[in-house]
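Please look through the structure shown here with its ligand in place, and then follow the paragraphs below, which turn first to the backbone and afterwards to the ligand site.

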Amino acid sequence: MTASNGRGKEPLSLEDVVKRQAQQKEAGSKPKFLSKEERAKLALERRAKEVEAIHEREVEEKQKRIEFFEEAKKLAQEEQARRYASSSSRSGGGRDRYRDHRSPSPPRSRRDDYRSREYDRNGDGRYDRGDRDRDRDRGYRGYRNDRDRDREYDDRRREDRRDDRRDRPSREGEEDGEIDTAGLTPEEMAQIRERYMGGEWKKRKVRRVNDRRFVFDWDAGEDTSVDVNPLYNQRVEYTAFGRGHLGGIDPEESDFRKGGKQVIVDNRHWSEKRLSEMKERDWRIFKEDFDISTKGGQVPRPIRSWRESSIPEPILRVIEQVGYKDPTPIQRQTIPIGLQNRDIIGIAETGSGKTASFLIPMLSFIMKLPKITEETAALGPYALIMVPTRELAQQIEVEAAKFAKPMGFRCVSIVGGHSIEEQSISLSRGAEIVIATPGRLKDCLDRHIIVLGQCTYVVMDEADRMIDMGFEADVTFILDKLPVSNAEDGQHADAARPSADQGRDVSATARAMATLRSLGHHDAMDVDRPLVKDTTEEPVVRQQLPEAVLKALGGVHIRQTTMFSATMPTAVERLAQKYLRKPATVVIGNAGKAVDTVQQIVEFVHDENRKRHRLFELLEEYEPPIIVFFNQKRSVDQYAKTLAKEGYLVAALHGGKSQDTREAAIDKLRKGEAQILLATNVAGRGLDVPNVSLVVNFDMSKNIEEYTHRIGRTGRAGKKGTAVTFLTKDDSEVLYDLKNLLVKSPVSKCPAELANHPDAQVKPGTFVAKRKYEETLFAK
Ligand SMILES: Nc1ncnc2c1ncn2[C@@H]1O[C@H](COP(=O)(O)OP(=O)(O)OP(=O)(O)O)[C@@H](O)[C@H]1O
């Protein structure tokens, strides 16, 4: 207890202390939100500290380096001194002696001294024979002694040199214990070696009989064919024998012209050529440039520009009005196929303009049919677009109306959540195009609010979702209600089908029958023949296509079905085939690939609190609009409240909300009245809100297809976007596919934690055989 100024501070009661601690703890646990400026300031301060630390580290390292070199220098000097001292003590002044020996004169001069001394000893300057013999003996001995000395001198010199070499740091390539080359260069040594020991033999390369490598050694001089074989004497530039006048070479396609001369090759890029100048090669390059691949045979050429296509003029005018300058890759290839009234499977990344890909050929098809009048309105629409969600249906209605309205066509959407009566009234006014969710459409068909008596054109947007098990039964039911099937023999078997509703007092069917009768199809509902089997075991009852429509279609009595999606799992594609007839499949890029304009970030966040904290950080970092996906409706509601409390403008969207609230939520986001949309998978597919900067997967989706669609709500129509996904231990099922998606994305990084995660190594459900050494063997 302390009282600093004598006045004695009142000590806190235990309750106060506990209360204060609780308050501090609560304040600490609450995420603290910083403004952008504050965060920038903090980041700058952090960076300044980092730079300072780096600088200090550098100075310290430099100082250490200097000290190290000084010490090394000192040690080297000491070592040199020690060596010098030891060598001089060992040889007893050997170096001096060496210096004596190096003088050229000593041995000879000493010999001469000695001789002159002997000579003088005789006194008369003579040098007698006996003396000479003695001298010779002595001299010989002396000479021998001198030679010994010389040898000794050489030995010592060699030894010194060896010492020197030992002291010297060894040069590159100079090995310890190398033979003394007495100052010879390696070349000289090699010559000596060759002289006395023979040259080096190069190993001959032996070619084995079964050596598969092709030997390219070819000497032109070895070619004897010219002289020997007369055939080779008359060589021609271009030899192409076979059937046809140029052996199967199309003179138009090849640059080879009559006369056998090669003409200039046209190397211009396809964009510099006119349509009529485009050759097979140019089309190939064109398709490669737009990443277009097709299968299904007899696929028409893609379109280079709107104006060059065979799209009818009124539609071209609308395209201009809408502001689409150039077709997108999926539009380039699927529109010409659609214009040929052929079935299509179109797969292209999210936000790539698939809606217009099916709308344009559809409108061109409708244009050929008689205008829907009050009379024919009761027979239902000409075309049907099926989509998995209400919001998407409404969005497509708006998009379709943009094109259809200027052409005088009507679009009506039939979705749950709105009164059936209202929709019935809209339909009774007549609509060429109906956009519907399968559930509500089935309901309407069941209740005879709508008939599909003249509908021969069907689009399934988000096709994989449409034909997965949740929707398949409804879709099949609806397709069976059409007057045509996709069967080859449909046009015979379907002809004059009676309606199953015959005699039933139901409004739409009754109206349709009355209409058909008034149009001259008196027996349309009275024939009862074996029916075409489509997809169910039960016989399918189809009503007859009105004469005028059939005539406009040139007597073709087959359903045209097109399917579009960004994803198409193989199993679903196989299932899809039963709805289609000889479809052309168009894939842009790789099927199921996430869009390249979206940077994907994944973070392993196991703790819910940490997730929440991270979400707040991200919401501060990115500009609205932002979409946050949850797997539970409950979480959407809970976070909508939390974020609203923090002052964010939020909108919530999930299947448990009323249709009005759902529509209002999207509307708010589009208009900027909401900054953040919190949603379940309901908003995952097709939703086109411009400029979404960030998608957060607060919960990872349960399959990779949904993930691809969710993140495709950003980075649309060529714009850039970011998707952040929180991963937990519950997401092991999708880790493998997620890793592959990230690895393929040029703008995303796969974190090591995901790349090395055991669940990301093999596809779930794959049987991994144990390696031999991992097996446990039990002795009997
Ligand atoms: N040729 C074009 N030129 C410019 N913008 C286009 C073109 N075609 C479509 N768009 C625009 O691109 C956006 C995305 O188009 P759309 O909704 O059709 O994509 P999508 O491929 O159906 O996406 P998702 O797979 O998510 O459903 C829309 O805003 C649309 O208006």
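In which loop does proline 625 lie? In this predicted model, proline 625 belongs to the loop that runs between α21 (608–621) and β10 (626–629). The peptide bond that joins proline 624 and proline 625 is cis, with an omega of about 0°. Another backbone feature is found at aspartate 291, a residue other than glycine whose phi is positive, near 60°; aspartate 291 is placed in the loop between α8 (280–289) and β1 (292–295). As background to both features, most residues other than glycine have a negative phi, and most peptide bonds are trans.

From the backbone we can turn to the ligand, which sits in the largest pocket. Where does the ligand lie with respect to domain 1 and domain 2? Because domain 1 (277–485 + 546–588) and domain 2 (593–760) both contribute residues to the shell around the ligand, the ligand lies between them. There are 18 residues around the ligand, and those that come nearest are Gly351, Lys354, Thr355, Asp688 and Arg716. Sorted by class, the shell around the ligand consists of eight charged, eight polar and two nonpolar residues.

Several polar approaches to the ligand can be followed one by one. A polar side-chain atom of threonine 355 is 2.7 Å from an oxygen atom of the ligand, and in the side chain of lysine 354, which is also among the residues that come nearest, an N or O atom lies 2.8 Å from a ligand oxygen atom. At serine 352 the partner is a polar atom of the backbone, which lies 3.0 Å from an oxygen atom of the ligand. Of the 640 Å² of accessible area that the ligand has on its own, the protein covers 85%.

Technical notes:
Residues are numbered from 1 along each chain as its sequence is written. This is a predicted model: local features need pLDDT of at least 70, side-chain atom pairs count only at pLDDT 80 or more; totals for chains, interfaces and linings use all residues. Side-chain values use heavy atoms; hydrogens and water are left out. A residue is near a molecule or strand if one of its heavy atoms lies within 4 Å of it. A polar contact is a pair of N or O atoms within 3.5 Å; within protein, one must be able to donate a hydrogen and the other to accept it, and residues adjacent in sequence count only if both atoms are side-chain atoms. Accessible areas come from the Shrake-Rupley method with a 1.4 Å probe; for residues, only the protein chains shown count as cover. On a 1 Å grid over the protein atoms alone, a cavity is a set of points where a 1.4 Å probe fits but cannot get out, and a pocket is an open set with protein on both sides within 12 Å along at least five of seven lines; lining residues have an atom within 4 Å of a point. A molecule sits in a cavity or pocket if more than half of its atoms lie within 2 Å of its grid points. Ala, Val, Leu, Ile, Met, Phe, Trp, Tyr, Cys and Pro count as nonpolar, Asp, Glu, Lys and Arg as charged, and the others, Gly among them, as polar. Domain bounds come from an automatic or database domain assignment. Helices (H or I, at least four residues) and strands (E, at least two) are DSSP runs, numbered from the N terminus.
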